[in-house]
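I opened this one to see how the helices sit against each other and where a handful of residues ended up. Here are my notes, in the order I looked things up.

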Amino acid sequence: MVDVPRQRPRRIKRLRPVGDGELRMHHHVVHGYRRAYRMAGQGPVLVLIHGIGDSSATWAELIPDLARTHTVIAPDLLGHGASDKPRADYSVAAYANGVRDLLSTLDIEQATLVGHSLGGGVAMQFAYQFPERTERLILVSAGGVGREVNPVLRAVSLPGAHLMLSALRLPGMGVQARLFAHLMRLLDTDLGQDAPELLTLVDALPDATSRSAFIRTLRAVVDWRGQVVTMLDRCYLTEGMPTMLIWGDRDSVVPVRHAYGAHEAMPGSRLEIFEGAGHFPFHTDPGRFLSLVEEFTSTTGPADWSRENWRGLLRAGRPGSAAGQPDTAQNRAVERDMREASERSAT
């Protein structure tokens with residue numbers, strides 16, 4: 001049998017032209033800090049939360065189509081994009097609070113949250129802290145499932161990271177980095193799938209203030225051993241909340257095995273794998289991504305939250321725990337991941 005090389009998926013171009021004003025940045029001052037966000041459309045609310053070092057620009061090509069049927073809000077998290085970058089709390093829990101406060105200033109009580117990478121962890125944390133305000137969850141290559149993460153991010157969490165990131169801005173370093181990325185793509189490595197997007201994150205750190213905010217955010221969720229924050233201990237609380245997981249099977253940042261672990265730990269969740277895609281499946285195949293989001297939001301009802309149900313889930317505890325149901329192989333695997341990660345929960 002002759003092995004046929006797997007073809008890299010073609011990137012689909014913008015599905016329709018971006019309308020005037022659809023990608024215009026808006027700003028609100030919350031707690032004294034300027035928060036930037038994009039807002040477009042009318043209808044049920046979709047909140048798009050980007051990953052670490054990224055910004056709302058990562059969703060730019062998707063916003064016009066999503067805005068046909070939804071009110072779309074894509075914030076620049078504090079420390080990212082056009083938002084302020086103070087010396088502040090960049091924990092996952094603080095970001096969830098920030099999303100809540102921004103929505104409150106916009107008179108929005110409930111929303112479906114779409115979170116990518118770090119943004120997936122923020123979306124999950126938002127659902128935990130504010131379940132009454134969460135209609136659905138769509139987690140894309142989300143962090144916070146297992147210890148594994150790209151070694152580069154582990155290295156940047158170490159002392160001296162400021163010097164490392166500053167060195168990437170020296171003359172000639174950008175060319176070398178892009179040559180390395182091109183080589184990784186020619187060799188058809190998983191890192192090659194994500195290299196172009198990852199290099200744009202470096203370009204988004206032009207000064208010491210941006211780099212400092214990036215490092216503070218990273219260290220809140222990653223150390224030299226890997227990811228240090230988990231959502232596995234509370235995934236069972238999504239029971240009754242429509243949840244979809246989207247992952248690329250060649251993700252070099254958060255491996256696809258985390259998708260299967262999260263799927264098993266989240267009762268009733270739906271899992272969609274993008275073959276040949278890396279850490280940014282919504283960039284690799286935006287057409288499929290849009291179809292999935294639109295179909296999921298139109299065929300599922302908002303979470304029916306109640307204090308009684310929430311209290312019952314908390315009292316029962318995580319399946320396999322002392323207060324819950326008998327242990328299963330899946331729960332033992334989850335427990336193993338949690339022990340290996342030596343995690344601290346974001347509360």
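The entries below go from the whole chain to single residues.

**Entry 1: the overall picture**

First, a reminder to myself that this is a predicted model. I looked up the secondary structure and found 13 helices and ten strands in the protein. Next I checked burial: of the 347 residues, 52% are buried. I also wanted to know how far along the sequence the contacts reach. Taking contacts between residues at least 6 apart in sequence, 76% join residues at least 24 apart.

**Entry 2: H2 against H3**

How do H2 and H3 pack, at what angle and how far apart? Helix H2 covers residues 92–105, and its axis lies 8 Å from that of H3, at an angle of about 70°. An angle from 65 to 115 degrees counts as roughly perpendicular, so H2 is roughly perpendicular to H3.

I then listed who makes the contact. From H2 it is Val92, Ala93, Tyr95, Ala96, Asn97, Val99, Arg100 and Leu103. From H3 it is Leu118, Gly121, Val122, Gln125, Phe126 and Gln129. Sorted by type, the residues of this contact come out as nine nonpolar, four polar and one charged.

**Entry 3: Gln125, on the H3 side**

Gln125 is one of the H3 residues touching H2, so I gave it a closer look. Helix H3, where Gln125 sits, runs over residues 118–129. Is Gln125 buried or exposed? Its relative accessibility is 4%, which is under the 20% cut-off, so Gln125 counts as buried. What does its side chain pair with? I found a polar contact of 2.7 Å between the side chains of Gln125 and Gln129. Gln129 is also on the list of H3 residues that meet H2.

**Entry 4: aromatic rings**

I counted aromatic pairs and got six. I picked out Phe126 and Phe130 for the geometry: the ring centres are 5.2 Å apart and the planes stand at 65°, so I noted the pair as edge-to-face. Both ends of this pair are out of solvent: Phe126 is buried at a relative accessible area of 1%, and Phe130 is buried at 8%. Phe126 also belongs to the H2–H3 contact. Elsewhere I noted one aromatic cluster, formed by Trp59, Phe280, Phe282 and Phe289.

**Entry 5: two positive phi values**

Most residues other than glycine have a negative phi, so I wrote down two that do not follow this. His31 has a positive phi, near 55°. Ser141 has a positive phi too, near 45°.

Where are they? His31 is in the loop between strand E1 (25–30) and strand E2 (33–40). Ser141 is in the loop between strand E6 (134–140) and helix H4 (151–156). Their surroundings contrast: His31 is exposed, with a relative accessible area of 58%, while Ser141 is buried at 0%.

**Entry 6: Val256 and Ala262, around H9**

Val256 is in the loop that links strand E9 (243–248) to helix H9 (257–265). At 19% relative accessibility, Val256 still counts as buried, because the cut-off is under 20%. Which residues does Val256 touch, leaving out those up to four places away in sequence? I found Trp247, Gly248, Asp249 and Ile273. I also looked at Ala142, which is 114 residues from Val256 along the chain; their C-alpha atoms are separated by 9.9 Å.

Ala262 lies in helix H9 itself and is buried, at a relative accessible area of 0%. Neighbours within four places aside, Ala262 is in contact with Val145, Leu245 and Ser269. For Leu245, 17 residues away along the chain, I noted a C-alpha separation of 8.1 Å from Ala262.

**Entry 7: Leu314 in H12**

Last stop was Leu314, in helix H12 (residues 307–316). With 43% relative accessibility, Leu314 counts as partly exposed. Not counting neighbours within four places in sequence, Leu314 is in contact with Tyr236 and Leu237. Arg234 is 80 residues from Leu314 along the chain, and I have their C-alpha atoms down as 9.2 Å apart.

Conventions
Residues are numbered from 1 along each chain as its sequence is written. Side-chain values use heavy atoms; hydrogens and water are left out. Helices (H or I, at least four residues) and strands (E, at least two) are DSSP runs, numbered from the N terminus. Buried means under 20% relative accessible area, exposed over 50%, partly exposed in between (1.4 Å probe, protein chains only). A polar contact is a pair of N or O atoms within 3.5 Å; within protein, one must be able to donate a hydrogen and the other to accept it, and residues adjacent in sequence count only if both atoms are side-chain atoms. Axes are lines fitted to C-alpha atoms, for helices over the stretch in contact, and angles run from 0 to 180 degrees between N-to-C directions. Angles under 35 degrees count as roughly parallel, over 145 as roughly antiparallel, 65 to 115 as roughly perpendicular and the rest as oblique. Contact means heavy atoms within 4.5 Å. Ala, Val, Leu, Ile, Met, Phe, Trp, Tyr, Cys and Pro count as nonpolar, Asp, Glu, Lys and Arg as charged, and the others, Gly among them, as polar. Rings of Phe, Tyr and Trp (its six-membered ring) pair if their centres lie within 6.5 Å; planes under 30 degrees apart count as stacked, over 60 as edge-to-face and the rest as tilted.
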